[in-house]
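The following exercises ask the student to read a protein structure step by step. Each task is followed by a worked solution.

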Amino acid sequence: MDTNNGSSMTDFILLGFSDWPQLEHIISGIVFIFYIVTLVGNTTIILVSNLDSQLHTPMYFFLSNLSFLDLCYATTIIPQMLVNLWGPTKSITYGGCALQFFFALDFGATECLLLAVMAYDLYAAVCQPLHYTVIMHPQLCQKMVLTTWLGGLSSALMLCSLTLRLPRCGHREVDNFFCEMPALLKMACVYSKVMKITVFTLGVIFLLVPLSLILISYAIITQTVMRIKSTARWHKVLNTCGSHLMVVTLFYGTAIYMYMKPQNSTSQDEGKFLTFFYTIVTPTLNPLIYTLRNKDVKSAVKRILCVEKW
């Protein structure tokens, strides 16, 4: 049998939540609301961080990059998802699937690294306050962000090229709501040890290593915070740490469960809802967590609105 015949450039079918047709309209409504909140919330953070001079700090430079990532990540997935939920067909072209797969990997891997960079920034601010401006100078911040983007790009290029080369033997049904790697790997009709080793290695580099660095940073931050005598500064540090920790828990927890576990140990229905959580819910919660729990952002919004009103 010529297994390469199944790898021709034909349309794919995104099954999504077709097993629960009665829930598709409800899910589409929820996703649409989440997308609007994602667009408004993350755009607000980007604008406020750039317009308010008091927020021209490394923390908000990284935060605006995180918001831009979330905007790109959500836009890569949600519009096509809504088209399939609302329309009669659930197809996506080969090129569209490849682009969606590539950009979702790129933005997701970049965010993994960026969250670790943000943890280091927080460590420097709390544990080295007198040397913070020297440590986190603008050139270093720009280089760190550039490194995260290049790291995400390189991993996406590697995984995308390896995955799309696998023979599919005519399989066209992607059992997920977007072209994600676990679902695409299940379409392959051959076992690839190279692919398995590559996925595991990149999972360690982009998930376990950043998470370990974040936890180490927070352990040191916790020790430092316990020695702070100023109650106001103590609460401010805990508020910032709490916001970052919520993002980390939401993002890494579901991603590690999906990518680091053996594929056969996770049911496809369970996988869809976990994927829904870190692709749809997390980009929506990020701006809410950082704005509703952050007095600096709320004060900056008020200052900008007052200037516009004046």
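Helices (H or I, at least four residues) and strands (E, at least two) are DSSP runs, numbered from the N terminus. Phe103, for example, lies in helix α3. The model is a predicted one: local features need pLDDT of at least 70, side-chain atom pairs count only at pLDDT 80 or more, and totals for chains, interfaces and linings use all residues. Residues are numbered from 1 along each chain as its sequence is written, and side-chain values use heavy atoms, with hydrogens and water left out.

**Exercise 1. Overall architecture**

Task: Determine how many helices and strands the protein has, and what pattern they follow along the sequence.

Solution.
Step 1. The secondary structure consists of ten helices and three strands.
Step 2. In sequence order, the pattern is β-α-α-β-α-α-α-β-α-α-α-α-α.
Step 3. The UniProt record, an unreviewed entry, places the feature "transmembrane region" at residues 26-48, 60-81, 101-123, 144-164, 197-221, 242-260 and 272-292. UniProt positions are given in the numbering used here, feature names are shortened, and annotations may be inferred rather than shown by experiment.
Step 4. Two of these regions may be compared with the model. Residues 144-164 are 100% helix and 0% strand, with end C-alpha atoms 30 Å apart. Residues 197-221 are likewise 100% helix and 0% strand, and their end C-alpha atoms are 35 Å apart.

**Exercise 2. The disulfide**

Task: Identify which cysteines form a disulfide (a pair of cysteine sulfur atoms within 2.5 Å), and state its handedness.

Solution.
Step 1. The structure contains one disulfide. Its partners are Cys97 and Cys179, with sulfur atoms 2.0 Å apart.
Step 2. The torsion about the S-S bond is about -125°, so the disulfide is left-handed.
Step 3. Cys97 belongs to helix α3 (residues 94-127), whereas Cys179 is in the loop between β3 (173-174) and α6 (181-187). The pair thus links distant parts of the chain, 82 residues apart.
Step 4. Both Cys97 and Cys179 are buried; buried means under 20% relative accessible area, exposed over 50%, and partly exposed in between (1.4 Å probe, protein chains only).

**Exercise 3. The salt bridges**

Task: Locate the salt bridges, each a side-chain nitrogen of Lys or Arg within 4 Å of a carboxyl oxygen of Asp or Glu, and describe where the partners lie.

Solution.
Step 1. A search of the whole structure yields two salt bridges.
Step 2. One joins Glu24 to Lys90, whose closest N and O atoms are 3.1 Å apart. Because Glu24 lies in helix α1 (residues 21-51) and Lys90 in the loop between α2 (58-86) and β2 (91-92), this pair ties together parts that are 66 residues apart in sequence. Glu24 is buried, its relative accessible area being 12%.
Step 3. The other joins Lys272 and Asp175, at 2.9 Å from N to O. Lys272 lies in helix α9 (residues 268-292) and Asp175 in the loop between β3 and α6, so this pair ties together parts that are 97 residues apart in sequence.
Step 4. Lys272 is buried, with a relative accessible area of 0%, whereas Asp175 is partly exposed, at 25%.

**Exercise 4. A buried acid without a salt bridge**

Task: Establish which side chain of opposite charge is nearest to Asp106, and how far away it is.

Solution.
Step 1. Asp106 lies in helix α3.
Step 2. Lys and Arg count as positive and Asp and Glu as negative; His and the chain ends are not counted.
Step 3. The nearest side chain of opposite charge is Arg165, 18 Å away; Asp106 is buried yet has no salt bridge.
Step 4. Contact means heavy atoms within 4.5 Å. Not counting residues up to four places away in sequence, Asp106 touches Trp149, Gly152, Leu153 and Ala156.

**Exercise 5. The nonpolar core**

Task: Find which residues touch the most other members of the largest nonpolar core.

Solution.
Step 1. A nonpolar core is a set of buried Ala, Val, Leu, Ile, Met, Phe, Trp, Tyr and Cys residues joined through side-chain atoms within 4.5 Å.
Step 2. The largest such core has 96 residues, of which Met81, Tyr252 and Phe276 touch the most other members. Helix α3 supplies the largest share of this core, 21 residues.
Step 3. Leaving aside neighbours within four places in sequence, Phe276 is in contact with Phe17, Ile27, Val31, Met81, Phe177 and Val281.

Note on methods: A disulfide is a pair of cysteine sulfur atoms within 2.5 Å.
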